[in-house]
Amino acid sequence: MARKNVNLKKLISQMTLEQKVSQLIQLNAMNFAKSATEITGPAQQWGLSDEWLNTMGSTLNFADAEEMIKIQKNHMEKDPNGIPMMFMMDVIHGYRTIYPIPLGLAASFDPELVYECTRMAAKEAAAGGVNVTFTPMVDYVRDARWGRVLETAGEDPYLTSVIGATQVRAFQGDDLSDKENLAACVKHYAAYGGAEAGRDYNTVELSERILREYYLPSYKACIDAGVKMIMPSFNSLNGVPSAANSWLMKQVLKKEWKFRGTVITDYNAIGELKTHGIAENMREAAKMAFENGCDIEMMSNGYHDHLCELVRDGTIDEKKVDEAVMRVLKLKKELGLFDDPYRGASPEREKALALCPEHRAIARRAANESAVLLKNEGVLPFSKDLKKVAVIGHFAECNEIKGFWSCHGKDSECVTVADGIRAKLPGAEIITAYGCSPLWNDKNTDGFSEAVAAAKEADAVVLCLGEPQTYSGEGNSRADIRLPGMQEELARAVVAANPNCALVLFNGRPLVLTDINCPAILDMWFPGSEGGNSAADLLFGDAVPCGKITMSFPKAVGQCPIYYNHPSTGRPKWTAEDVHQAYASNYIGCGNLPLYSFGHGLSYTKFEYESMELSDTKMSAEKPLTVKITVKNVGNYAAKETVQLYFRDIYASTVRPVQQLAAFEKIALAPGEKKTVTFTVTEEMLRFYNAECKHVSEAGEFVIFTGYADHRYKEARFFLK
Ligand code: NOJ
């Protein structure tokens, strides 16, 4: 029975307390479409009765449309209130057709491409029965040791905000009841990416000023874009885990930002309040989380075991439970679930969309635009006339290149580099050699001689190295972020055998590449389903690299955390990068700059920044500044360039970053073509948090430049009145 106009208030008034609390619990799918006596996993230990199971509000991690339909059908037959269940999943960089990991996609500096990829994921996931995705992840990051940097857009708050808000719009569309749209859930609020020493789940201690300036804007941008759900993070922030952090949840989220959507905890985060040692028992944990606004409890038993009793003994007002249930039911109604509990779920459509040619083409284009040419000493692109190409390394014939969090993507559906090259050069001889494993503790070099022999006999070498895809993602932090195992040694041996060699990298984080002597390095990240085809496009010049890294690649792991927009110090280093300067802020034996900075990425063509013109040397709130930058393609390839605009506030009442990204635009230029990009700099863009944590701008002088990091192509000064 379609219940489009269901009266939620009335519905809630007819529900028992247990039925209401059940709406606030999320269990994974293996518990459903079964009876309470058959269930396994955590739910079995909680002693869930059929009454609870049959009225449960939502589930996560199910297989496909078929399973969704089965679970929902069973649920609709049994739930006495006829309330459909809501189906959630981590659709992070694709559902079945996988595009590059978010850190890679961010390197495209292309919100339109992000939109297109996200729409593709939304369509596939909606057909698979997904109603809500736990995306976007907009944690701001500075430490490449953290495995979850792969899910982020990197070390710039503005870029992270733009990409997060784009994903929200793309998933949700204008009308959530449209069966191709999903509700989005922004995460992990807040500052999960600030984990000490880059170790996952670790403590985060940050001043309110730094939090507001770097870490919070991206969550706020998603809320402003209308995101329906938010997930508090696992970590403690200044001593209090997010799910119980009243400053974060009540003061900032609800009061300042006026978020009215649904809050869902992370997996067992209420249970972890006990492990953190801030709740004595599960009753206290449930009380803390509920009182701080966590509507849905994911995968722990605090609400099931204690919320009813907390209401009945007068600790929690039942009205508050009704409000939380209302938020959950409102979302179900907006999604159109009351009208059609199965919504877009369709096994036929799910199958038809999965890896269809149109989607593969989007994934290939996304991989082409996300790859970053880190280094090129005249080696790339290779000629398509090569007779013999050696493809060497673990990732040569490896299809494990979709990366962590790739939903229902399958390794077997990813194109390997060797296969991509075989398809690109049908007439050439392609020889492959394994070399060595990428496991950190595997020191076996038996495959080196075969690899060296292959390199020697080939016209060119494509060396495919990297980290296994299980070395990044949740729980996968690394203390040493060089290429694991004997891969550095393999690279040296292969380059010595044949210097016409390009290194193709697969990685979920910035790596330390200081000791890699390959003349060219092309970073593919984890590129997804079309990885090998994309690598072949880029290596042989059918696509021109245009990605720019959004997270610094350190020279040594000891530089972490390292980020381009760091505050200035009282003792900056003035000497050359490799010279140690006494009594200055620097290291002995290692410069301050990363090996590759935020914004770096080469092309096969050359761009000349001809001019940067300012509309005035003075600006004000009423009179913004216009900046016109003219760029010419002076090389031989049609290519894309991301024009980046940065500024520095020279004097202010709190120490300012040495540079910060103000705006960017990606343009396409044919050989010989020039274009002028126009940016507007407003007073609002120049605001910062002062010592009282007020968001202000201060009059004074600013430097503005185009280029990136220490590569300033054009620079000017202006005054804010
Ligand atoms: C834990 C992760 O931290 C979060 O990102 C994810 O959405 C949930 N598990 C659900 O899978």
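Guide: A strand here is a DSSP run of E that is at least two residues long, with strands numbered from the N terminus. Keep that in mind as we look at this model, which is predicted.

Visitor: What makes H188 part of a strand?

Guide: H188 lies in β5, which takes in residues 183-189, and a strand needs a run of at least two, so H188 counts as a strand residue. The peptide bond that leads from K187 to H188 is cis, with omega near -10°.

Visitor: How do you know that H188 makes a polar contact with the ligand?

Guide: An N or O atom in the side chain of H188 is 2.6 Å from an oxygen atom of the ligand, and the cut-off for such a pair is within 3.5 Å, so the pair counts as a polar contact. The side chain of D266 also has an N or O atom 2.6 Å from a ligand oxygen, while for D90 a polar side-chain atom lies 2.4 Å from one. The protein covers 96% of the 300 Å² of accessible area that the ligand has on its own.

Visitor: Why is helix α8 called roughly parallel to helix α10?

Guide: The axes of α8 (residues 157-172) and α10 (residues 217-224) come within 8 Å and cross at roughly 30°. Angles under 35 degrees count as roughly parallel, and therefore α8 is described as roughly parallel to α10. The crossing in which α8 passes α10 is right-handed.

Visitor: What makes the bond between T135 and P136 stand out?

Guide: That peptide bond is cis, with omega about 5°, and P136 sits in the loop between β4 (132-133) and α8.

Definitions and conventions:
Residues numbered from 1 in each chain as written. Predicted model: local features only at pLDDT ≥ 70, side-chain atom pairs only at ≥ 80, totals over all residues. Heavy atoms only, no water. Polar contact = N/O pair within 3.5 Å; in protein donor to acceptor, adjacent residues only side chain to side chain. Areas by Shrake-Rupley, 256 points an atom, 1.4 Å probe, with all protein chains shown as cover. Axes fitted to C-alpha atoms, helices over the stretch in contact; angles between N-to-C directions. Helix = DSSP H or I, 4+ residues; strand = E, 2+ residues; numbered from the N terminus. Parallel < 35°, antiparallel > 145°, perpendicular 65-115°, else oblique. Left-handed = near helix turned anticlockwise from the far one by under 90°.
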